[in-house]
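Hi,

Here is the structure I promised to pass on. Have a look at it first, and then read my notes below.

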Amino acid sequence: MSSIRKTYVLKLYVAGNTPNSVRALRTLNHILETEFQGVYALKVIDVLKNPQLAEEDKILATPTLAKVLPPPVRKIIGDLSDRERVLIGLDLLYEELSDGIMEF
């Protein structure tokens, strides 16, 4: 297995300082710091301040987390409280699952 790790580019769309937005950001920060320390870039976008960004990226609900890189783009909506659901939904758990699989 290669020791080179991918860098993940993520965008979290929130609507102001609502309880769901705060919970999503706190939960995501915890996941990223424990699982992806040093290999991610996170941009938090407040759709109330930047509605054009939400429109351009076709964001219909908040909070929404989008994994931009590596492709394909994946999105998950909600407060991100279920760590495994977040990782699987964004295709971030694949490497963790494949570590135990031998390639021939």
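**Starting from A54**

A54 sits in helix α2, which covers residues 51–56. Keep in mind that this is a predicted model, so please read everything below in that light.

Is A54 buried or exposed? Its relative accessibility is 8%, so A54 counts as buried. Leaving out residues up to four places away in sequence, A54 touches Y13, V47 and I59. V14 is worth a look from here too: its C-alpha atom is 9.6 Å from that of A54, although the two residues are 40 apart along the chain.

**The nonpolar cores**

As a general point, nonpolar side chains in soluble globular proteins tend to be buried together. In this model, the largest nonpolar core has 17 residues, and the members that touch the most others are F36, L65, L80 and V86. Which elements give two or more residues to this core? They are β1 (8–14), α1 (19–35) and α3 (83–89).

If you want one residue to click on in there, try V86. Not counting residues up to four places away in sequence, V86 touches I31, L65, I76 and L80. Apart from this core lies another one, made of seven residues, and A54 is among them, as are Y13, I45 and A66.

**The hairpin**

Next, the strands β3 and β4. Strand β3 (residues 64–69) pairs with strand β4 (residues 74–77) in the antiparallel sense, over four bridges. The two are joined by a hairpin of four residues. To find your way along the pairing, start at K67, whose bridge partner in β4 is R74.

**Salt bridges**

Side chains of opposite charge can pair when their charged atoms come close. How many salt bridges does the structure hold? There are three, and I'll take them in turn.

- K11 and D57: their side chains meet in a salt bridge, at 3.5 Å from N to O. This pair links distant parts of the chain, with K11 in strand β1 and D57 in the loop between α2 and β3, 46 residues apart. K11 is partly exposed, with a relative accessible area of 23%, and D57 is partly exposed as well, at 25%.
- R23 and D79: here the closest N and O atoms are 3.3 Å apart. R23 belongs to helix α1 and D79 to the loop between β4 and α3, so this salt bridge ties together parts that are 56 residues apart in sequence. R23 counts as partly exposed at 30% relative accessibility, and D79 counts as partly exposed at 21%.
- E35 and R83: the closest N and O atoms of this salt bridge are 3.0 Å apart. Because E35 lies in helix α1 and R83 in helix α3, the pair ties together parts that are 48 residues apart in sequence. E35 counts as partly exposed at 24% relative accessibility, and R83 is partly exposed with a relative accessible area of 31%.

**T27, a neighbour to look at**

While you have R23 and D79 on screen, check T27, which is also placed in helix α1. The T27 side chain reaches the backbone oxygen of R23 at 2.8 Å. Neighbours within four places in sequence aside, T27 is in contact with D79, L80 and S81. So T27 touches D79, the salt-bridge partner of R23. Why does T27 count as buried? The cut-off is under 20% relative accessible area, and T27 comes in at 19%.

**The aromatic pair**

Last one. A search of the whole structure finds one aromatic pair. It is formed by Y8 and F36, whose ring centres are 5.1 Å apart with the planes at 70 degrees, so the pair is edge-to-face. Y8 lies in strand β1 and F36 in the loop between α1 and β2 (40–46), so the pair ties together parts that are 28 residues apart in sequence. Both Y8 and F36 are buried. You have met F36 already, as one of the residues that touch the most other members of the largest nonpolar core.

Cheers

Conventions
Residues are numbered from 1 along each chain as its sequence is written. This is a predicted model: local features need pLDDT of at least 70, side-chain atom pairs count only at pLDDT 80 or more; totals for chains, interfaces and linings use all residues. Side-chain values use heavy atoms; hydrogens and water are left out. A nonpolar core is a set of buried Ala, Val, Leu, Ile, Met, Phe, Trp, Tyr and Cys residues joined through side-chain atoms within 4.5 Å. Buried means under 20% relative accessible area, exposed over 50%, partly exposed in between (1.4 Å probe, protein chains only). Contact means heavy atoms within 4.5 Å. Two strands pair if DSSP finds at least two bridges between them. A salt bridge is a side-chain nitrogen of Lys or Arg within 4 Å of a carboxyl oxygen of Asp or Glu. Rings of Phe, Tyr and Trp (its six-membered ring) pair if their centres lie within 6.5 Å; planes under 30 degrees apart count as stacked, over 60 as edge-to-face and the rest as tilted. A polar contact is a pair of N or O atoms within 3.5 Å; within protein, one must be able to donate a hydrogen and the other to accept it, and residues adjacent in sequence count only if both atoms are side-chain atoms.
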